[in-house]
Number of protein chains: 2
Amino acid sequence: MTTRRDAVHDTLRKSEGFRSAQDVYAEMRLHGAKIGLTTVYRALQALADGGQVDVLRTDEGESVYRACASEVHHHHLVCRRCGHTVEVAGPAVERWAEAVGSEHGFTEITHTVEVFGTCASCSSAPAKVG
Amino acid sequence: MTTRRDAVHDTLRKSEGFRSAQDVYAEMRLHGAKIGLTTVYRALQALADGGQVDVLRTDEGESVYRACASEVHHHHLVCRRCGHTVEVAGPAVERWAEAVGSEHGFTEITHTVEVFGTCASCSSAPAKVG
DNA sequence: CCGATTTTGACAACCATTTTCATTTTGGCG
DNA sequence: CGCCAAAATGAAAATGGTTGTCAAAATCGG
């Protein structure tokens, strides 16, 4: 009962960085897949719920998904130009978040940490910045 | 040329945590202010652009604003129950982000770090979790 | 006070996401 | 295989936050 969901997951795996639901949908249609936008949304949510993909919000408020290599907790270093993403671990940050939280009496602490930058290829490439 | 903008800023200052544009608008109207939703959005954006208020995205994709005490770079520890917010500094995290970024050849590094939890009052309060 | 410029705000337009609901597919069972 | 029930699917409509439009109102300069 998940041919579609697998297809979505598969499409995501082929992508370098984070993709929006609409992106995934468009790409699947390009490859001739017979799937509806609604189903893509549902599959993506299910996948996210199950922890098979990571989700985060764009600055414009769009949800973007990514099939990550490791299912353990990690963060992302995302190139704001090409979207290339590197998964990074940050034990220090985890501890810091925990410390800061309990220091103020907070419990059930969670955190969101994302690092953005311009990757090497994009820095050397032409375009914008002189 | 900014009576409205000041009013918006003022309303924000009276709030404990992050508030959405719609919240601010609703509250201002409650206090009898004659202002339109459009103007609130514009004021909030202007304020955010000028660095007078901090912005972040809810999990639901809503933009929420807050008039912070310090205008220097800092992060937030937000209670997911009552919205109470504590401003926290994290030199270690700043350095970590920089390090991780340059380690992978990224430049112009920026980062988003937000910590969520349940504050002391809310933990002891009744409601949800047993 | 007059015209130019900016600000304002009601309302329409956008657009990603969700909901609705009828149809299709899938699975168990005789 | 034929049948019924539950789950999945997807087209289209509804939602809802945010932005764009544009005319009216406030403000500024002279």
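## Chatting through a two-chain model

User: Hi! How does chain A lay on chain B, in terms of RMSD, turn and shift?

Analyst: Chain A can be laid on chain B with an RMSD of 0.0 Å, using a turn of 180° and a shift of 0.0 Å along the axis. The two copies are thus related as by a two-fold rotation axis. Bear in mind that this is a predicted model.

User: Good to know. Which C-alpha of chain A is nearest the axis?

Analyst: That of Val113(A), which lies 2.3 Å from the axis. Val113(A) also stands opposite Val113(B) in β6(B).

User: And how do the β6 strands of the two chains run where they join?

Analyst: They run antiparallel, with nine bridges joining β6(A) to β6(B), residues 107–118 of chain B.

User: Nice. How many residues does each chain bring to the contact, and what area is buried?

Analyst: Chain A brings 38 residues and chain B brings 38 residues. About 2900 Å² is buried between chain A and chain B, and carbon and sulfur atoms give 63% of that area. On the chain A side, Arg57(A), Trp96(A) and Phe106(A) supply 23% of the area buried against chain B, more than any other three residues.

User: Which elements of chain A give two or more residues to that side?

Analyst: In chain A they are β4 (75–79), β5 (85–88), α4 (91–103), β6 (107–118) and α5 (120–124). β6(A) gives the most, with 12 residues.

User: What's the class make-up of the side of chain A that touches chain B?

Analyst: It has 17 nonpolar, 15 polar and six charged residues.

User: OK, now salt bridges and polar contacts between chain A and chain B: how many of each?

Analyst: The count of salt bridges between chain A and chain B is zero. For polar contacts, the count is 18 residue pairs, with both residues at pLDDT 80 or more.

User: Why say the copies meet through the same surface?

Analyst: Because 100% of the interface residues of chain A are also interface residues in chain B.

User: Switching topic: what does chain A hold in the way of secondary structure?

Analyst: Chain A has five helices and six strands. Along the sequence, the pattern reads α-β-α-α-β-β-β-β-α-β-α.

User: And what are the spans of its C-alpha trace?

Analyst: About 55 × 45 × 25 Å along the principal axes of chain A.

User: Let's move over to chain B. What is the strand order in its open sheet of three strands?

Analyst: The order is β1-β3-β2, with antiparallel pairing. The edge strands in chain B are β1 (19–20) and β2 (54–57), each of which pairs on one side only.

User: How many bridges link β1(B) with β3, and which residue does Arg19(B) stand opposite?

Analyst: β1(B) pairs with β3 (residues 63–66) of chain B over two bridges, in the antiparallel sense. Arg19(B) stands opposite Tyr65(B) in β3(B).

User: Last one: do β4 and β6(B) of chain B pair in the parallel or antiparallel sense?

Analyst: Parallel: β4 (residues 75–79) of chain B and β6(B) pair over four bridges. If you'd like a spot to look at, Cys79(B) has Gly117(B) in β6(B) as its bridge partner.

User: Great, thanks!

Notes: Residues are numbered from 1 along each chain as its sequence is written. Chains are lettered from A and ligands numbered from 1 in the order in which they are written. This is a predicted model: local features need pLDDT of at least 70, side-chain atom pairs count only at pLDDT 80 or more; totals for chains, interfaces and linings use all residues. Side-chain values use heavy atoms; hydrogens and water are left out. Contact means heavy atoms within 4.5 Å. Buried area is the accessible area (1.4 Å probe) that two parts lose on being put together, summed over both. A salt bridge is a side-chain nitrogen of Lys or Arg within 4 Å of a carboxyl oxygen of Asp or Glu. A polar contact is a pair of N or O atoms within 3.5 Å; within protein, one must be able to donate a hydrogen and the other to accept it, and residues adjacent in sequence count only if both atoms are side-chain atoms. Ala, Val, Leu, Ile, Met, Phe, Trp, Tyr, Cys and Pro count as nonpolar, Asp, Glu, Lys and Arg as charged, and the others, Gly among them, as polar. Two strands pair if DSSP finds at least two bridges between them. Copies are superposed by least squares on the C-alpha atoms of residues with pLDDT of at least 70 in both.
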